[in-house]
Each structure stands twice: as structure tokens, then as C-alpha cells.
Amino acid sequence: MSAAPAKFVLEPERYEIRSNALHHFSLQRREFFKMMGAGIAIFSVAANAAGQESGGRRGNRDQEQPKDISSWLHINDDGMVTVFTGKVEVGQNTRTTLAQSVADELRVPLPSIRMVMGDTALTPFDMGTFGSRSTPYMSPQLRRVASAARDLLLEQASAEWKTPADKLVANDGKITNSASGATLSYAQLAQGKTLAREIPDADPVTPPDQWTIAGKSVPKVDARAFVTGQHQYTPDLRPADLLHGKVLRPASFGATLVSADLATAKAMPGVVVVRDENFVAVAAPTERAAEKAIAAIHAEWKSTPQTSSNQLYSYLKTNAETEAEHQQPHE
């Protein structure tokens, strides 16, 4: 059994909130197998980048898209299945429901699934967790991924036994030869291999009336922590050396900064003051200290005339900008 690297922490919940994540889009296939160990992996490639986001949207045009590959699922040579998703678990139970979907499709026991959620160093690009989209969009996606993994395992067993794949059955984490009764576990099929497959454009998945794990009531991971208030949400986190920031807001839209007296704020303990032309901000050990520092800055702004609310409609109508004009490059 190969051990996972120390930096790849798989404790429930904790790895979701790490702040020192590396940018995952530069992760190459070879590097991924070095990190995860031998086994079987299912990837997306750049051509499929638009379809990666769980909502099916193209997302923010400014968001850098994957340059090479991003992994959705890995079957280690110990039989454990690691699933990657940008969605996060904050009490809505997606960790359990998504794990059930993968276990169902891959034909493995639920305890063999471990979820890596919201870790930007490892998970495929995702716009985030919002709009009740995790289950209706991510569950079918992960089912396609698990189905592709199951097909790859069946092909490996088929080659091993020189038997057509349609004569084999995947169930309970193993492949069975119905004719001979021979079995090969997923761990055996993944042992020592570094096999990868891209997600097919269309892949049949198990219809709901044949589900055996999904839709069933199972114990929720960390349920007690969620219902007793012990679970740490983002506002509860206190990373070491965290600084709170505040930005000095201009007097009006389009105003330019004429002068700013930063001396008092700079003299406050632990306060860092930053000025970049019209931008002024502070950082401090506590939110209260940041508020006091920003309030201590005396600034003079040069404002431009603003359209009143009574004139706004006619101003926008007169100064409408077409989409074509908006896209024209500025000289």
C-alpha cells in the first residue's frame, strides 16, 4: 500500500480550508500520479474546460481556464477512491450525496470514497458553491466520471482474462467473470499502474431505478459538528499572521486623490499602509485596528460632477454605449 504525501491531507473538512494552496491548472498528468501514487485516474482536458464548471456555464471570462488537465477521480492501488470537486460542504450534506453518487456508479462501498472539496490546488475549475447547484449539476458530472472509471476497470479485467468486457460484472469494488467465477478487485487492477482516461462526451449512467446507494439514508460526515456549532465556517477561521484590510473610499465616483496624510495611521502598532496613486488601504492585526487606521487618514479628493438621480435616466438614454463600442480597444 503506497502512502500519500504528507501535504495531501485527507481529514474530513480540514483540507477544504487550507489557505496555502498552489494553482492547480499547472498540474501535469505525470505530476498528479507522483502526488497521488499509482492507480487509475479520470481527467478533463482543456477542450472540455467550459463543461467542467458544475453549473455548465463558461464562467467569468477573466478566469484562467485549465491549460492542460484537471483530475476528477483517482483509484489508488489500495482500492481507495478519491473524488475531486470544487463544491464545498457547509452543512447542506453534499459531501455525503456526491460520495453516494460516485459509489453507486463505480459499484464500490461508500466508506471507500473520500472527497476532496474546494481545494483549488487539486480540484477542477468551479465557479463555487451557490444557487443549490451542487447536487443537480455535480452529481450527474461525477456519475459520468465514475462510469468512465468503471469502464476502464472492466477493460483492464477483460485484457487480463482475455474475455469480452460485456461478459464481466462490476460490483462491490471488484470485477467478476460470470463464466468462471474469477474476481479481481479494483485495488489489484490499479496495482502498479498509471492509467488515465478523459471523460467521454457522452457516457450512459445508471438510471435512478437501479440505484442501490444514492438516495438512501446514511450517516452524515461530521453531522454533530454542524448541528452543535462546532464546525468552523469561514468567519470562524483565524489563520496565523492574518491581517484585516480596509480601503479608503473616494468622496465620489471617479474622484482623484489630491493628498493623503498617512502619518497617524502608519504610527499605529501593527498597521501597514499602502498607497498606489488613487488607491489607499491599510492592513492590521484586527478588524477594529484597521477601521481606526483608515479613519485616521485625512484625504483630499478632487471630485468630478455627478449626474443626479433625477437626471440619471435621461443621461443613460443619451449616453448609451453599444456592445460593439464597448468592445472596441481604447487608444
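What percentage of the 331 residues in the protein is buried? Buried residues account for 39% of them. The views below come from a predicted model.

**Figure 1. Overview of the whole protein, with ten helices and 13 strands.** The protein exposes about 19,200 Å². Carbon and sulfur atoms supply 52% of that area. Contacts between residues at least 6 apart in sequence were also sorted by separation. Of these, 74% join residues at least 24 apart.

**Figure 2. Close-up of the open sheet β5-β6-β7.** Three strands make up this sheet, and their pairing is antiparallel. β5 (168-171) and β7 (183-185) stand at the edges. Each has a single partner strand, so one side of each lacks a neighbour in the sheet. From one strand to the next, the twist averages 20°.

**Figure 3. Close-up of the pairing between β6 and β7.** Strand β6 covers residues 174-177. Three bridges join β6 to β7, and the two run antiparallel. K174 stands opposite S185, a residue of β7. In general, strands of a sheet pair through backbone hydrogen bonds.

**Figure 4. Close-up of the open sheet β9-β12-β11.** This sheet has three strands, with antiparallel pairing. Its edge strands are β9 (244-247) and β11 (272-276). Each of these pairs on one side only. The twist averages 20° from one strand to the next.

**Figure 5. Close-up of the pairing between β11 and β12.** Strand β12 spans residues 279-284. Five bridges join β12 to β11. The two strands run antiparallel. One residue to find here is V272, whose bridge partner in β12 is A283.

**Figure 6. Close-up of helix α8 on strands β9 and β12.** Helix α8 is formed by residues 287-295. The helix lies across β9 and β12. Its angle to β9 is about 25°. In the sheet order β9-β12-β11, these two strands are adjacent.

**Figure 7. Close-up of helix α4 and the residue just after it.** Helix α4 runs over residues 134-161, 28 residues in total. The helix reaches 39 Å from its first C-alpha to its last. That span is close to the 40 Å expected at 1.5 Å a residue. An α-helix has 3.6 residues a turn, so residues three or four places apart point the same way. Just after α4 comes K162, with a positive phi of about 55°.

How values were computed
Residues numbered from 1 in each chain as written. Predicted model: local features only at pLDDT ≥ 70, side-chain atom pairs only at ≥ 80, totals over all residues. Heavy atoms only, no water. Pairing = 2+ DSSP bridges. Helix = DSSP H or I, 4+ residues; strand = E, 2+ residues; numbered from the N terminus. Axes fitted to C-alpha atoms, helices over the stretch in contact; angles between N-to-C directions. Contact = heavy atoms within 4.5 Å. Expected span 1.5 Å × (residues − 1). Buried < 20%, exposed > 50% of the residue type's maximum accessible area, 1.4 Å probe, protein only. Areas by Shrake-Rupley, 256 points an atom, 1.4 Å probe, with all protein chains shown as cover.
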